[in-house]
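Please look through the model shown here, which is a predicted one, with attention to how its helices pack against one another. The paragraphs that follow go from pairs of helices to the core and then to single residues.

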Amino acid sequence: MFSFTVAAVVFGVIFLAELPDKTALAGLMLGTRYRASYVFVGVAAAFLVHVGLAIAAGSVLTLLPHRVVQGVVGVLFLVGAAVLLLKKEEEEEEVKKPADQSFWKVAGAGFTMILVAEFGDLTQIMTANLAARYDDPISVGVGAVLALWAVAGLGILGGRTLMKYVPLKLITKIAAAVMAVLAAFSLYEALAG
């Protein structure tokens, strides 16, 4: 039986947890470079996979050592920051032309980025916890997916709007700096925890 209350609680928890996370940042970066609707389809599909895995795993994901998860997340953030900073100028010019990007290429890029970046993420673990707590996988899944889609949509649309006022090069440097800070925080938690 579907519970609107459980779905609403899960939506609120996941939305607030994911809003300052890398999903909005990834959506913003992809939204500045590619057609927003194509990006959203790929990102939305990746979140369906993530929520499905979290629901299926239930509380098993919470048994993973926190330090290991934080260490891996920290390294992934560092790699993401390096990729952003080391990208060639010619690539940047090429991706500014959304008309040259096919649906499958753009949606695939969004899907892959989110699938890799969000695996084992806090909200995926929280979704597994909520599924175990409420014993209502459908309601938890609907709430989590809608929350993740809302955050991704805000990031993608925010990226499109931001590009009108701020150069892509500056956005890329800021995104890389934010990822580096998140990497340092995650690695600190892994080593201190």
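**Helix packing, core and single residues**

The axes of H3 and H6 approach to within 7 Å and cross at roughly 40°, and this crossing is right-handed. On the H3 side the contact is made by Tyr38, Val39, Val41, Gly42, Val43, Ala45, Ala46, Phe47, Val49 and His50, which meet Phe103, Val106, Ala107, Gly110, Phe111, Ile114 and Leu115 of H6. Sorted by class, the residues of this contact between H3 and H6 are 14 nonpolar and 3 polar, with no charged residues.

H3 also packs against H7, where the two axes come within 8 Å and cross at roughly 45°. Because angles from 35 up to 65 degrees fall outside the parallel and perpendicular ranges, H3 is oblique to H7. The crossing of H3 and H7 is right-handed, and the residues that meet there are His50, Val51, Leu53, Ala54 and Ile55 from H3 and Gln124, Thr127, Ala128 and Ala131 from H7. This contact of H3 with H7 contains 6 nonpolar and 3 polar residues, and no charged residues.

Isoleucine 55, one of the H3 residues in that contact, can be followed further. Apart from neighbours within four places in sequence, isoleucine 55 is in contact with Thr127, Ala131, Pro137, Val140 and Gly141. Its C-alpha atom is separated by 9.4 Å from that of aspartate 136, although the two residues are 81 residues apart along the chain.

H7 has a further partner in H1, and the axes of these two helices come within 10 Å and cross at roughly 160°. Since an angle over 145 degrees counts as roughly antiparallel, H1 and H7 are roughly antiparallel to each other. H1 passes H7 in a right-handed crossing, with Val6, Val9, Val10, Val13, Ile14, Ala17 and Glu18 of H1 meeting Thr123, Met126, Thr127, Leu130 and Tyr134 of H7. The residues of this contact between H1 and H7 divide into 9 nonpolar, 2 polar and 1 charged.

Which residues have the most contacts inside the largest nonpolar core? This core has 28 residues, and those with the most contacts inside it are Val10, Ile14, Val39, Val43, Phe47, Ile114 and Val140. Two or more residues are given to the core by each of H1 (4-18), H2 (22-33), H3 (36-57), H6 (103-117), H7 (122-134) and H8 (137-163), and H8 gives the most, with 8 residues. In soluble globular proteins, nonpolar side chains tend to be buried together. Valine 10, leaving aside its neighbours within four places in sequence, is in contact with Leu130, Val140, Gly143 and Ala144.

Two serines complete the picture. Serine 139 is found in helix H8 and is buried, with a relative accessible area of 0%. Not counting residues up to four places away in sequence, serine 139 touches Met1, Phe2, Ser3, Val6 and Ala7. Serine 186 lies in helix H9, which covers residues 168-192, and serine 186 is also buried, at a relative accessible area of 5%, where the cut-off for buried is under 20%. The C-alpha atoms of serine 186 and arginine 67 are separated by 8.9 Å, while the two residues are 119 residues apart along the chain.

Methods:
Residues numbered from 1 in each chain as written. Predicted model: local features only at pLDDT ≥ 70, side-chain atom pairs only at ≥ 80, totals over all residues. Heavy atoms only, no water. Core = buried A, V, L, I, M, F, W, Y, C linked by side-chain atoms within 4.5 Å. Buried < 20%, exposed > 50% of the residue type's maximum accessible area, 1.4 Å probe, protein only. Helix = DSSP H or I, 4+ residues; strand = E, 2+ residues; numbered from the N terminus. Contact = heavy atoms within 4.5 Å. Axes fitted to C-alpha atoms, helices over the stretch in contact; angles between N-to-C directions. Parallel < 35°, antiparallel > 145°, perpendicular 65-115°, else oblique. Left-handed = near helix turned anticlockwise from the far one by under 90°. Nonpolar A, V, L, I, M, F, W, Y, C, P; charged D, E, K, R; others polar.
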